[in-house]
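Biologist: I should like to understand the reasoning behind the labels attached to this structure. Please set each value against its criterion.

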Amino acid sequence: MKILAVGDVCAEGGTEFLLKTLPKVKKEYGIDFTVVNGENSSASNAISAESAALIYAAGADVITGGNHTLHRKDLRPLLDSDDTLLRPDNMPKAEFGKGYCLYDMGHTRIAVINLLGQTYLELHEAENPFTCADRLIERAESDGAELILLDFHAEATSEKVAMGLYLDGRVTAVFGTHTHVQTSDCRVLKNGTAYITDLGMTGPEDGVLGVKADIIIDRFKNGGTGRFTHAEGDCVLEGMIIEADKISKKAVSATAIRIK
């Protein structure tokens, strides 16, 4: 079975590129199941009901989120009603939504878990992601999931690597999101878990993590405080393809992709 995990979709440009590109990618690679991180997919940051609808229209089966997911109040009712639209399960003070879903394809049940890292995200009241992962994996096993996927939305590469090694052999895949730069360590770990520290992003490649470069350069050079404006121009779709064995629940192969 082939699973595609797509990195953070950035603003209207990234969403439009996803709509144009994802169906072709799924067909070319024979993808059976798709997870897309929609954390930054709305025109004004975070994710909106409108951008979520576009991500589903592009071909996502499950949408994951991150530290900005609850910023838009208009999304909150949808987080409660839509079982496949996730926010990090360990997000502090989260009254809406959930970070776990079981997707029943008929022949295969896939559990998707969405968690936040702790390091550098200044979310001190968040539940420890490692103990939260233990709890949700136990739930997935109880639910009869053949495959278990984790989107770990975290800042520190060390925390992501630690999570991958901690869960090696217990889940099918761990893929990092949030930092928008695809890492070169896509692989299957020794006990059968597909892993990458960061999937990358889906959006304009000439900005700084999806934001206009001059705004970010001014911040670093001059201490500027200009409001973030999304970059424009040619886009890229980044992610990882996982080939999984639903009998063993382990990954057979893991391949990073970058589509322009």
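Modeller: A residue counts as buried when its relative accessible area is under 20%, as exposed when it is over 50%, and as partly exposed in between. Please bear in mind that this is a predicted model.

Biologist: Why is Cys-132 called buried?

Modeller: The relative accessible area of Cys-132 is 0%. The limit for burial is under 20%, so Cys-132 is classed as buried.

Biologist: What makes Cys-10 buried or exposed?

Modeller: Cys-10 has a relative accessibility of 3%. That value is to be set against the limit of under 20%, and Cys-10 therefore counts as buried.

Biologist: Why is Cys-10 not bonded to the closest cysteine sulfur?

Modeller: A disulfide requires two cysteine sulfur atoms within 2.5 Å. The closest cysteine sulfur to that of Cys-10 belongs to Cys-235 and lies 8.9 Å away, which is too far for a bond. As for Cys-132, its nearest cysteine sulfur is that of Cys-101, at 14 Å, and Cys-132 is in no disulfide. Across the whole structure, the search finds zero disulfides.

Biologist: Which description fits Glu-141: buried, exposed or partly exposed?

Modeller: Glu-141, which is located in helix α4, has a relative accessible area of 46%. Partly exposed covers the range between under 20% and over 50%, so Glu-141 is partly exposed. Its C-alpha atom is separated by 10.0 Å from that of Arg-170, and the two residues are 29 apart along the chain.

Biologist: How are helices α1 and α2 arranged, and what angle do they make?

Modeller: Helix α1, residues 11-29, packs with helix α2, residues 49-58, at an angle of about 15 degrees, and the axes are 8 Å apart. Angles under 35 degrees count as roughly parallel, so α1 is roughly parallel to α2. Their crossing is right-handed.

Biologist: Which residues make that contact between α1 and α2?

Modeller: From α1 come Thr-15, Leu-18, Leu-19, Leu-22 and Pro-23, and these meet Leu-54, Ile-55, Ala-57 and Ala-58 of α2. By class, this contact has eight nonpolar residues, one polar and no charged.

Biologist: How do helices α4 and α5 cross?

Modeller: The axes of α4 (residues 129-142) and α5 (residues 157-167) come within 11 Å and cross at roughly 35 degrees. This crossing, too, is described as right-handed. The contact involves Pro-129, Phe-130, Ala-133, Asp-134 and Ile-137 of α4, together with Glu-159, Ala-162, Met-163, Tyr-166 and Leu-167 of α5. Its residues comprise eight nonpolar, no polar and two charged.

Methods. Residues numbered from 1 in each chain as written. Predicted model: local features only at pLDDT ≥ 70, side-chain atom pairs only at ≥ 80, totals over all residues. Heavy atoms only, no water. Axes fitted to C-alpha atoms, helices over the stretch in contact; angles between N-to-C directions. Helix = DSSP H or I, 4+ residues; strand = E, 2+ residues; numbered from the N terminus. Parallel < 35°, antiparallel > 145°, perpendicular 65-115°, else oblique. Left-handed = near helix turned anticlockwise from the far one by under 90°. Contact = heavy atoms within 4.5 Å. Nonpolar A, V, L, I, M, F, W, Y, C, P; charged D, E, K, R; others polar. Buried < 20%, exposed > 50% of the residue type's maximum accessible area, 1.4 Å probe, protein only.
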